[in-house]
Amino acid sequence: MYKENRSSNALPVETQLTRRSFLRAGVAAGSGLLISINAPMFGADSAAAADKSAADFAPGAFIRIDKTGRVTAIISQVEIGQGIQTALPMLIAEELEVETAQIIVEQAPPNDALYANPMTGFQNTGGSNSVGAFYEPFRQAGALARTMLVAAAAETWSVDAASCRAEKGTVIHDATQRTISYGDLTTKAATLPMPEKVALKDPKDFKIIGKSLKRLDSVDKTTGRARFSIDFTMPGLKIAIPQASPVIGGKLAGMDEKAALAVAGVRQVIRFDDLVVVVADHTGAARKGLEALNPQWSGGAATFSTAQLVSDLDNAIAGDAVVATNEGDVATAMSAGAKTLEARYQSPLLAHATMEPMSCTIWNSENGCEVWVGSQVLTRAQAAVAEAMGLPVEKVTVHNFPMGGGFGRRLETDYVVQAARIAKQVSFPVKVIWTREEDFRNDYFRPAYVDKLSASLDADGAPTGFSHRVAGSSIMARWAPAWFNKGLDPDSVDGAAGQYKFANVLTEYSRSEPAAGLTTGWWRGVGVTHNSFPVEGFIDEMAEAAGKDPVAFRRELLTESPRALGVLNLVAEKAGWGTPLDKGRARGVSVIHLFGTHAAQVAEVSLNDNGEIRLDRVFCAIDCGRVVNPTGAKAQIEGGIIFGASAALYDAIEIESGQVAQTNFDTYRVMRIDEAPKIEVFFVDNDQPPTGTGELGTAAIGAAIGNAASALLGKRIRSLPVVTTA
């Protein structure tokens, strides 16, 4: 097995100078580990666990403490820029009574038995659930380690453990003024039986949780020392650049292999039915070789287009549907309403466009297969490689890296499987790198949707009925078929009626899949990101039909949802809702509930010099329970707003003659720094268990922008992106 130094303070030996290795120059040395203390998860029987071997434990976190007192936290959740490898160590530090600076973070290897996410049952990072899922397990881990270290000190001093206390990595016996460091207690602590229960701190005693903390990885990332999958290198490594058919589902028809092999540095050309690959000594040679190869393609969905995709969605929404929610009698309410309204909304395919290019390194040697990758689903990636290689899972070792953006893209394993297919054709380690164009063409896009919404109002303008039919492809049916129940994709209708109380409500789903070869997948904020735009837009339309203010209208519908009403009132107050704005500016509001968190946003927009909608300010109120790291949570919300605003304002993946039209950032626009709005985030003070923040900003902003743009232009925006429809 290939070994490299991956301690957080050391760099690997590189065989050649690269642009990124140049950026990482000047870093220092590593560390050793002595004992481990494992913490059970969710009340697992500690006594029983202690009687078994370490492999039989079911911990959510491993804490290792060396004789210098340094603590290593092995974190199962992967870092995608969301700051989880700061927030989770804070939980351990709080209960262990150490400074966060004493904690070194290591990425856990793939192992569902040890590191399964309690909310999904397997090892994955997504859905804004990491803090919520591991809030108690990581605190339990810290408390368990602290309890055992205090017991070890008490035994050393022959005093009652209750007379000892822990503070900043030491145990103190106040009566005799004696202290001893955690490092000096590790050997004895490791011999003690694990207690069956440990007491967690009363939140009023928190010293770390709830305090704003700088990210533990910020220095490495800002100095270029942090390494991502794309940075990995090793002796003998070759670079592989793949190209699939630009036409969806097309097959290879011809190529000039001789010309490719004539390029200096090109080592091999690999051909599959649906793919060609040039393998070379370095990226530049591989790209030149691919250009010389000049592959030709045939077949595929050459007549498929966005127009066809939308037409299919319109046909689906007019056809049969599966009922998701049916309360009261919508049909009767509609027929008896003093006023009825109906609208069609439309949302496009969207790309993930991760800033770090998709890559995966594989070395298939006689000792087994090793993989170096950035993945949100480690065990799935391991299993996928094993299947592709024809190996048992235990022969596949996965080394995971922090990721330069995920947004759901790295919940897939297609790029890992492709790398495995390529690795089977070579006799050396190979890093497969997708070009930006290849990434856009072969993304697993956020589905396109068409929505049909209807509502009825009584004579006073109060809603009496609400219905929403969603047409789109099903991600669940492919990614998690067990959750796709009798034709209903629950994600597609998540938030299809918002949080609002309607006496009569009907939500439905009509499945419509695009052309074979065009795959849809998770995209930041998932179902609610899509549904918030049509629902919140239509709520504004209902308010207008009722002759009411949009915020006041929502308040009347949220009387039974106090937390939702709380964020709405807070954001309305902070944004000065109802106060005059300068001429040429307008506000829009949205309210969402996602992954247990309530959020409301107000967007202020105007027109830029090109006549496009410009997002000037965003106010965001969040109720996500207890906030572990306010600085990190605020950064997540701000980043989510920028990500979602880019998509809502500018972006759509268009299909023309079976090909993806947008293949780089020149045609798939990302908000520039000078276009970024001023963002103000407000947290509701709440001692409820923490819930997610990573996807809230993205999910709420499109609807707020749509409503603000509609108010500014005096016409309803019913399709995205806003700039092209305004």
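Start with the open sheet of 7 strands: select β10, β11, β8, β18, β15, β16 and β17, which is also their order across the sheet, and you'll find the pairing is mixed. Now colour the two edges, β10 (266–271) and β17 (396–400); each has a single partner strand, so one side of each is left without a neighbour in the sheet. Look along the sheet and you can follow its twist, which averages 20 degrees from one strand to the next. Keep in mind throughout that this is a predicted model.

Stay here and zoom in on β15 (residues 359–365) and β18 (residues 430–433), an antiparallel pair joined by 4 bridges. Show Ser-359 as sticks, and the residue standing opposite in β18 is Ile-433.

Next, bring up the helices on this sheet. α12 (residues 378–389) lies across β15, β16 (368–373) and β17, and runs at about 140 degrees to β17. Then add α13 (residues 414–423), which packs on the sheet with contacts to β8 (238–244), β10, β11 (275–280), β15, β16 and β18. The direction of α13 makes about 40 degrees with that of β15.

Now move to β19 (residues 449–457). Is this strand buried or exposed? Of its 9 residues, 8 are buried, so β19 is largely enclosed by the rest of the structure. Pick out its partners:

- β14 (residues 339–347) pairs with β19 in the antiparallel sense over 9 bridges. Select Tyr-345 and you can find its bridge partner in β19, Asp-451.
- β20 (residues 463–472) is also antiparallel to β19, again over 9 bridges. Here Ser-456 stands opposite Gly-465 in β20.

Follow the chain round the hairpin of β19 and β20: there are 5 residues between the strands, and Gly-461 has a positive phi near 85 degrees.

From here, hop to Phe-538. Setting aside neighbours within four places in sequence, show everything it touches: Leu-341, Glu-342, Ala-343, Tyr-345, Leu-453, Ser-454, Ala-455 and Phe-466. Phe-538 belongs to the largest nonpolar core, a set of 72 residues, and is among those with the most contacts inside it, together with Met-542, Leu-615, Leu-649 and Ile-705. A second, separate core has 44 residues, including Ala-73, Ala-93, Ala-189 and Phe-206.

Another sheet comes next. Select β22, β23, β24 and β27, in that order, for an open sheet of 4 strands with mixed pairing. The edges are β22 (586–594) and β27 (678–683); with a single partner strand each, they have one side left without a neighbour in the sheet. The twist averages 15 degrees from one strand to the next.

Zoom in on β24 (residues 613–623) and β27, which run parallel and are joined by 6 bridges. Ile-622 stands opposite Phe-683 in β27. Then show α19 (residues 630–650): this helix packs on the sheet, touching β23 (597–607), β24 and β27, and its direction makes about 135 degrees with that of β27.

Last stop: two helices, α3 (residues 84–96) and α5 (residues 130–157). How are they packed? Their angle is about 35 degrees, with the axes 7 Å apart, and α3 passes α5 in a right-handed crossing. For the contact, try sticks on residues including Leu-88, Leu-91 and Ile-92 of α3 and Phe-134, Phe-138 and Gly-142 of α5. Coloured by type, the contact residues come out as 13 nonpolar, 2 polar and 3 charged.

Notes: Residues numbered from 1 in each chain as written. Predicted model: local features only at pLDDT ≥ 70, side-chain atom pairs only at ≥ 80, totals over all residues. Heavy atoms only, no water. Pairing = 2+ DSSP bridges. Axes fitted to C-alpha atoms, helices over the stretch in contact; angles between N-to-C directions. Contact = heavy atoms within 4.5 Å. Left-handed = near helix turned anticlockwise from the far one by under 90°. Nonpolar A, V, L, I, M, F, W, Y, C, P; charged D, E, K, R; others polar. Core = buried A, V, L, I, M, F, W, Y, C linked by side-chain atoms within 4.5 Å. Buried < 20%, exposed > 50% of the residue type's maximum accessible area, 1.4 Å probe, protein only.
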